[in-house]
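Biologist: Could you take me on a close tour of one part of this model, starting from a loop and working outwards to what surrounds it? I would enjoy one connected account, with the cut-offs spelled out as you go.

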Amino acid sequence: MTNYRTSIFGVLSLIIFLNGQSSFVARAVAESKVHIVYLGEKQHDDPEFVTESHHQMLCSLLGSKEDAHGSMVYSYRHGFSGFAAKLTKSEAKKIADLPEVVHVIPDSFYKLKTTRTWDYLGLSASSPKNLLNETNMGEQIIIGIIDTGVWPESEVFNDNGIGSVPSHWKGGCQSGEMFNSSHCNKKLIGAKYFINGFLEENKSFNSKESLDFISPRDLNGHGTHVATIAAGSYVQDISYNGLAGGTVRGGAPHARIAMYKGCWYLDDLDITTCSSADILKAMDEAIHDGVDVLSLSLGSVVPLHGETDIRDGISTGAFHAVLKGITVVCAGGNSGPEAQTVTNTAPWIVTVAATTLDRSFPTPITLGNNKVILGQAMYTGPELGFTSLVYPEDPGNSSETFSGTCEDLSLNSNLTMVGKVVLCFTSSSGTVSSAASSVKKAGGLGVIIAGHPGSDLEPCLDDFPCVSVDYELGTNILLYIRSTGSPALKIGQSRTLVGQPVGTKVATFSSRGPNSISPAILKPDIAAPGASILAATTTNTTLNDGGFIMLSGTSMAAPVISGVVALLKALHRDWSPAAIRSAIVTTAWRTDPFGEQIDAEGSSRKLADPFDYGGGLVNPEKAVKPGLVYDLGLEDYVLYMCSVGYNDSSISQLVGKSTTCSNPRPSVLDLNLPSITVPDLKEEVTLTRTVTNVGPLNSVYKVKVEPPLGVQVTVMPKKLVFNTKTKKLSYHVRVSSRHKINTGFYFGSLTWSDSVHNVIIPLSVRTQILQNYYDEN
């Protein structure tokens, strides 16, 4: 998910009922819409047989083969079984009643959720013995990206020095508007597009007049940017108008990229939208094609559908991908810093939060009294010499309208702002561009935006001087204006500052936990840099500099993790997606790479906790040798589905074999995650975790607990002894509360250490004496 350069944003749908109009005479009186008919695990390995079974089911419902073929939008036949079809409400109800059908649901939508990143994370190629070189930069790994497409001419997709295409690749490149197979190479090995669901939903869409390309080619640059971060090739001497200069590359620069375009620009509404039907088909194809990692910078917003609900199509597709060994990485969302806003919360998905880098772009503002204030901007134009400065406010004797609110600057007369730099205040994010536009239109020469700390940084069109400060600094400027009859200032060029004293923070926009669907499942899982990330884009994107742009969002953080996963997968081909997630979470930094604490931006700034960044900031080199991992397989996911109340028949169809939940149902607290979250502790509870030794065969680990405030945590046994015969061991954790009132969450950690490896998982505990209680007096 991305906060980015224009008003284009993404909406993505994951169920399959899109508005469509029936062409059948017998159904003309009822409107047909696209529905996803989900049948669970496929019952046959021959995809043609699976598709034929879908047509037969539709034929029995609609009465003829012609109507069945006309109704079908997609057949999902590789990773799982199901189809998207145009159905009326009554037809959807009839087909939902069939015993082999798990769910039938209408289509819905999701939002579209570098030069410094990899050196900052310690993943540099300069050392001969490191993760990059040990894995040959991920050369045999294929990263599938589902997004807005790809700009194949970008330098980041060059295949210099990259070997032949991996033998397990079964996909290809699909031709279309301004795109053909010649645009693919040994780096960009696959490119497909999926538009049928979008077309059924948007009948007014004119493919001949649309700005978008009916092909895998990218229009708005989001997909190209994401692909660069995950696996872009080396491109030297890149900057954004002179800022953030260096070498651009992806986390796994020799890994292969397969782009699946499922998001489309809707010209009438100026938005980018992703149909659930299209996204599910893209995931189905990616599973068939042989990708090793799936990266999705997409998601929905609260309220969420349950993880086992087909309406959350990403979760459903991810479930089948994970069972086939494919790690699925998703953006956690851009609705922070409010609590309970994180999305893509299924326990089989790696959910990513966004942090800042240790990099900023200080921009000097010199007041007429020679006081210098360092704001933040991406201003690379000429220095603006001493210029009149104004804060629009009523002097007390005027009949004109004045407003110093950034969103309302257009209410001021041109005379108020012409030839001046304007100071304004805002309580919202994303107002920089609109404020700059109002000032520029009135003939102003620049704008200073005072807002909450942590507001997003973005350049202004035509390099118009627009500088962000916080309320404190903004108030200092306002007091200066009021203290003199002729206030003035000058604005210098922004510069790039890397390293101390710039600290790492969880970005304001990054969505926060706890998980609103299943609060015992910690989300997000992990954090990675996602603020002001420089990567490739399309050359027709607004504000691009030579085909590169800086964007912010968890959309940018997710592919960082996808790149790291690719490298770990290359080194540990036998590790499951859960084991890889565990290695990343248990070895993460709880401080920044230099030992300083990580704060969470917001009002007010605070020390980051697991609901901000999961296990912490990803530490790629440490994740190579985690010592122990918390693994999960099909049986564990079945346990989870039983614990949250899914019925036996639905679970059986989902996993492709007969399943019966135990009575009483298992506890969700026993799901073998690399975290422990107890959201409703009343007296005490005991839970279990199992660890697998992936380090030295003969290892002895001792436990250390940092309990949450007011909570007692007891672990048994206190020592785990591994040898050639014993590779897995379980331990029990008893958690009890000393609190006598309902509390918020308190945080701690549980560490197993053999003096070489420190395997750390976060503890999050909330006491609820009065259960299911909204704690607001």
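Modeller: Happily! Let us start at Pro-337, which sits in the loop between β16 (327-331) and β17 (350-355); strands here are DSSP runs of E with at least two residues, helices are runs of H or I with at least four, and both are numbered from the N terminus. The model is predicted, so local features need pLDDT of at least 70 and side-chain atom pairs pLDDT 80 or more, while totals for chains, interfaces and linings use all residues. Residues are numbered from 1 along each chain as its sequence is written, and side-chain values use heavy atoms, leaving out hydrogens and water.

The peptide bond leading from Gly-336 into Pro-337 is cis, with omega near 5°. The loop between β16 and β17 also holds Gln-340, whose phi is positive, about 60°, although Gln-340 is not a glycine. As a reminder, most residues other than glycine have a negative phi, and most peptide bonds are trans. Gln-340 counts as partly exposed because its relative accessibility is 41% (buried is under 20% relative accessible area, exposed is over 50%, and partly exposed lies in between, with a 1.4 Å probe and protein chains only).

Similar backbone features turn up elsewhere. The bond from Lys-523 to Pro-524 is cis, with omega near 0°, and Pro-524 lies in the loop between β27 (505-506) and β28 (526-529). In the loop between β28 and β29 you will find Ser-532, with a positive phi of about 50° although it is not a glycine. Ser-532 is buried, at a relative accessible area of 10%.

Moving along, Thr-538 belongs to the loop between β29 (533-536) and β30 (548-551). Its relative accessible area is 0%, so Thr-538 is buried. The side chain of Thr-538 makes polar contacts with the side chains of Asn-540, at 2.7 Å, and Thr-541, at 2.3 Å. A polar contact is a pair of N or O atoms within 3.5 Å; within protein, one must be able to donate a hydrogen and the other to accept it, and residues adjacent in sequence count only if both atoms are side-chain atoms. Beyond four places in sequence, Thr-538 is in contact (heavy atoms within 4.5 Å) with residues including Trp-151, Asp-218, Thr-224 and Asn-544.

What about the core? The largest nonpolar core has 84 residues, of which Ile-561 and Ile-584 touch the most other members; such a core is a set of buried Ala, Val, Leu, Ile, Met, Phe, Trp, Tyr and Cys residues joined through side-chain atoms within 4.5 Å. Helix α13 gives the largest share of this core, 10 residues. Setting aside residues up to four places away in sequence, Ile-561 touches Val-329, Val-350 and Val-352, among others. Apart from this core lies another, of 55 residues, among them Ile-314, Val-322, Ile-349 and Tyr-637.

Helix α9 (residues 313-323) is mostly covered, with 10 of its 11 residues buried. Ile-314, Phe-319 and Val-322 are among those buried in α9. Just after α9, Gly-325 takes a positive phi of about 85°.
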